[in-house]
Each structure stands twice: as C-alpha cells, then as structure tokens.
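User: Please take a close look at one buried site in this structure. Then show how the rest of the fold is arranged around its cores, strands and loops.

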Amino acid sequence: MPTPKTPRRRLRTWLGENPSRHSPPFARHRWLRLLTYLLVAYTALGIGLGGGEQLGEEYRFTTAVGLLLGLVQGAAVVLAIWRPVPAWAVSLAGAVLTALLARPHLGTDASAGVNWPWPAPVLLAHMLVLLLLALRIGLRGTLGALGASLLVTWVLQGVIGAQRYSPTCLMAIALFAVAVLIGTVLRSRSEARTQLARQTTITAEERARRALLEERSRIARELHDVVAHHMSVISIQAQVAPHLVENPSEELRENLAGIRNNALEALTELRRVLGVLRSEGPDEPGAVDDTHRLSAPGTGPAPHAPQPNLARLDALIENTRAAGVEVAMKTKGQPRGYPPGVELSAYRIVQEALSNVLRHAPGAKVTVEVLHYSHGICLDITNSRPSRPAPPSPGSGHGLLGMRERAAMLGGHVLARGEREGGFRVTAFLPRDGTPAPTGLDLPAVFRNRPPSDSTPDPYRPEPPTGDQAP
C-alpha cells in the first residue's frame, strides 16, 4: 500500500525540487520559494484587510464593500506570482471600480485631502503586480501593461475627474515606472546570467567534442600508417614472389601482378587520405608543443616516422626516469605477436598514463605492469600520492579520452580510478582479435569487479567521460 503523505511531504512536493516556469522569480531554492510565498501572502493579507478598512474610512464605504475591494487587490498580488497578466487585469479593474465607486462621495462626505484615483492600498497592490509582471514577461508586454495603467489613470483624473480630493496621478505614474524599471532590470540580469550559463555549457560541450575528434584523427593517422606499411610489404612481396619460383606459370605471374597493382592503388589512396589527415598540422609547433608529453624514438613531430610498438616501452620508461620520475616496470608472460594496432594502442596508453603522472603527480612513484595473455594484453599503471602540488598544466586536455577511444576501437576496456592512498590507477585490457576477454583470465581485480557500463571523468582536467569507473 502507498505510504500516506504527511502535510510536510505534501508541501515539499508542491514546492518541488527545482523551480518551474510558474515559480516566484529568483527562487532557485525550495526554502526561498516558500519564503517568497509567505511574504507575498502576508503582504496580500495586509492589503486585503488593512487596505479594505482604510478604503471604508476614506471613501465612506460600508465594511463589506471596503473589505471586498481590498481583498480583490490582495488576491491580485497573490495571483501575480503564477499568472501576472490576469493579475494585472484584476488589479487594474479593481482600481477602476474603487475609483468610480468613491467618486460620488468625494463631493459630499469625504474630506478634501483624500487620495484619488489611486488610494494608498490600491497603489501599493498595483505596484507589486507590475513588479511581478516585469519580472516574468518580456519588455514589450511590460511596457504595454504600464501604458494601459497610465492611460486609465489619465482618463480617471483628467477626463472623468471628481471634487475635493488629493490627486495621485503624477505619484502613480512615477511609482509605476520605478516598479517596472526595477523588474525589467532584474529580469534582464537574470536572462543574461542564464544565457551565460547556457553558453558556457555549449562551449564546454564543443571543447569536449573537438578534443574527441582530434584524438580520433590522431588515432586514424597512426593506424593508417600501420596499414600503409603492410600494403607496401604486400606490394614488395608480390613483386618478388615470381623470382622465388622456378618457371612460374603465366597465370601466377598475372595474379601476382594484379595483387601488386591493387596494393599500389590502395597505397596511393591511403597516402592521399593521410595527406588530408596530416594537413591539420601534426608537425606544427602548436600541435605538438606539450612539454609534459613523453616521446620515444620515432614518436616525435616527424609526420612519417615509424609507429611505436611494445618493443619501445623500455625506451619510454627510460625517458620517464630521465625526467625525474621513479618508475618500476614488471612483465608477466611472453609477448604473443600482437597485431600492430594492438601494440600501437598499448604503447600510447602507457605513454599517456606516464604523461599524466608528469603533469599532475610530481614526485609520485609509478609502477607499470604488462601482462601478456593468449587472448590479449593487460596494462596496469599505478602512481602513488604526489609529493608536492602540481603546477598548472599546459596539456591538450585529452587525458584519458585517447585511452578509451583506442581500447574501444579494439574491443577492449579502460578503467581509471583514484586510490585510497591518494594515487591513481589506470588499467586497460586490449584483446588480440577484438573479442571480449574470457572469464577465466587472471586479470587485475578492478577488471573482475568491473560494472557493465559506466564512465569516469579525467581526474586531472575537466573533460568528457573517458573510461569505465571501477567500484
């Protein structure tokens, strides 16, 4: 059975977790909305009761008529919180009715100093309604409501007129204009803040999307280099093969020649695509000016340098040690002759993890474990708590994004999480042939307890989700 709602729970439900388009302006928090409702209700009650009594005394109304006219203005103030335009119409209609009902008394039993056509309670109520109206609707609608109120004021005092009263036309015009001005300024400021927050969100999303595209373009360049290398090998082997066979048949020569021609055509197309990918300037200073990014022989800005593999991990570790980081490397199992794409991605993941340590964990100790399995390779990079605060990083901001993209491309996974001691750990598994790892492999505990699908942000820079969050 559903749990019956208590009055407090009903109130919380009515107020809502977030403000709606009908909530009081600037009431972002639930307690502030409640406070606004209470203040407006208290003001409306004062106008309804106290103003009704004042109207009865000034204009010699009966108690019932005075209270009724006062309550109309109080109800208009409360209604203006949710429906400002109908509330303005009710308030203006109540003001006109009050002025017309009071007009016959102004020449007989009313004192000469009574305010007309806007007595104080009605004037105060209409000011509040105009203020709430200006906070809720646009400038054109607000000016239209203000103009209609001023026109009615001029008609009542200048055209219809009355006897023995203190005119409030000029005072009403000034007060109404001030109320509209305040509401318009506050609304414009709120809209500007909202637009700024929206533009900031859009800028962050565009920056994240650009980082993703840049990293994918970089991966595409590297993988195309690998494919181009293999196509070159195929072309050369097809050209050499006829010379390795004694008296090759004409059909064999034609087939090998066709293989070689197809390989050369594919290689030409690949080079054309590579030219487009490289045209963004990977060898420009701005594209590679990252003092914290490690590089090994063959991985510098030269656009046509050989792509790195697992054999160059030792050189990468030595470069890291030369930068002043204590790195320990452990290897389990024997290399299984992985495809070039797997070796390239494994190298880049280790390189990025070590670069993040240099950027964001100065003085930390690093352990790099490489575990070879028959179905793939597992990389586990762990750093301890940094010994000193990290300086501002000039990095590109891609962080774990490239790791995740590379692993996902190969059917693998990347997990990144902070350690209890204050360090950080990056663990990746890259399958050999794109199939998921068997359940029987002795992988690190973070992989055995990995949730089905989740993500974690880069711990070093604000950027899009870049990996699976370990429990």
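Analyst: **Arginine 406 and its setting**

Leaving out residues up to four places away in sequence, arginine 406 touches Glu215, Arg218, Ile219, Glu222, Leu344, Ser345 and Arg348. The model is a predicted one. Arginine 406 sits in helix H12, which covers residues 401-409. Is arginine 406 buried or exposed? Its relative accessibility is 2%, so arginine 406 counts as buried; the cut-off for that label is under 20%.

Arginine 406 has buried company within H12. The buried residues of this helix are Leu401, Gly402, Met403, Glu405, Arg406 and Ala407. After H12 comes glycine 411, with a positive phi near 85 degrees. Among the contacts of arginine 406 are Glu215, Arg218, Ile219 and Glu222. These residue numbers fall within helix H7, which runs over 169-240.

Now the wider frame. The protein has 13 helices and 7 strands. It has 471 residues, and 40% of them count as buried. Take the contacts with a separation of 6 or more: 69% of them join residues 24 or more positions apart.

**The largest core**

H7 also contributes to the largest nonpolar core. That core has 38 residues, and Tyr59, Trp118 and Leu130 touch the most other members. Two or more residues come from each of helix H2 (30-59), helix H3 (63-79), H4, helix H5 (120-136), helix H6 (139-160) and H7. H5 gives the most, with 8 residues. In soluble globular proteins, nonpolar side chains tend to be buried together.

Leucine 130 shows how this core is knitted. Beyond its neighbours within four places in sequence, leucine 130 contacts Trp88, Ala145, Leu146, Ser149, Phe176 and Val180. Trp88 is one of the buried residues of H4.

H4 spans residues 84-102. How far apart are the end C-alpha atoms of H4? They are 26 Å apart; at 1.5 Å a residue, its 19 residues should span 27 Å, which agrees. The buried residues of H4 are Pro84, Ala87, Trp88, Ser91, Leu92, Gly94, Ala95, Thr98, Ala99 and Ala102. Viewed down the helix axis, these buried residues fall within an arc of 160 degrees, so they line one face of H4.

**The second core and strand E7**

A second, separate core holds 34 residues, including Leu354, Val414, Ala428 and Leu430. Ala428 and Leu430 are in strand E7, on one side with Phe424 and Val426. On the other side are Arg425, Thr427, Phe429 and Pro431, and both faces are covered. All 8 of the 8 residues of E7 (424-431) are buried, so the strand is largely enclosed by the rest of the structure.

E7 has two pairings. Strand E5 (376-383) runs antiparallel to E7, and 8 bridges join them. Here glycine 376 stands opposite proline 431. Strand E6 (413-418) also pairs with E7 in the antiparallel sense, over 6 bridges. In this pairing, leucine 415 has threonine 427 as its bridge partner. Between E6 and E7 the hairpin has 5 residues, and glycine 422 takes a positive phi near 105 degrees.

**Cysteines and loops**

How many disulfides does a search of the whole structure find? The search finds 0. Cysteine 378 has a relative accessible area of 0%, so this residue is buried. Cysteine 169 is buried too, at 11%.

Cysteine 169 leads to glutamine 157, which lies in helix H6. These two are 12 residues apart along the chain, with 7.0 Å between their C-alpha atoms. Not counting neighbours within four places in sequence, glutamine 157 contacts Trp116, Pro117, Tyr165, Pro167, Thr168 and Cys169.

Two of those contacts share a peptide bond. From tryptophan 116 to proline 117 the bond is cis, with omega near 10 degrees. Proline 117 belongs to the loop between strand E1 (115-116) and H5.

One more loop deserves a look. Arginine 60 lies between H2 and H3. Its phi is positive, about 60 degrees, although arginine 60 is not a glycine. At 44% relative accessibility, arginine 60 counts as partly exposed, whereas arginine 406 is buried at 2%.

Conventions:
Residues are numbered from 1 along each chain as its sequence is written. This is a predicted model: local features need pLDDT of at least 70, side-chain atom pairs count only at pLDDT 80 or more; totals for chains, interfaces and linings use all residues. Side-chain values use heavy atoms; hydrogens and water are left out. Helices (H or I, at least four residues) and strands (E, at least two) are DSSP runs, numbered from the N terminus. The expected span of a helix is 1.5 Å times one less than its number of residues. Buried means under 20% relative accessible area, exposed over 50%, partly exposed in between (1.4 Å probe, protein chains only). The arc is that of the directions from the helix axis to the C-beta atoms. Two strands pair if DSSP finds at least two bridges between them. A nonpolar core is a set of buried Ala, Val, Leu, Ile, Met, Phe, Trp, Tyr and Cys residues joined through side-chain atoms within 4.5 Å. Contact means heavy atoms within 4.5 Å. A disulfide is a pair of cysteine sulfur atoms within 2.5 Å.
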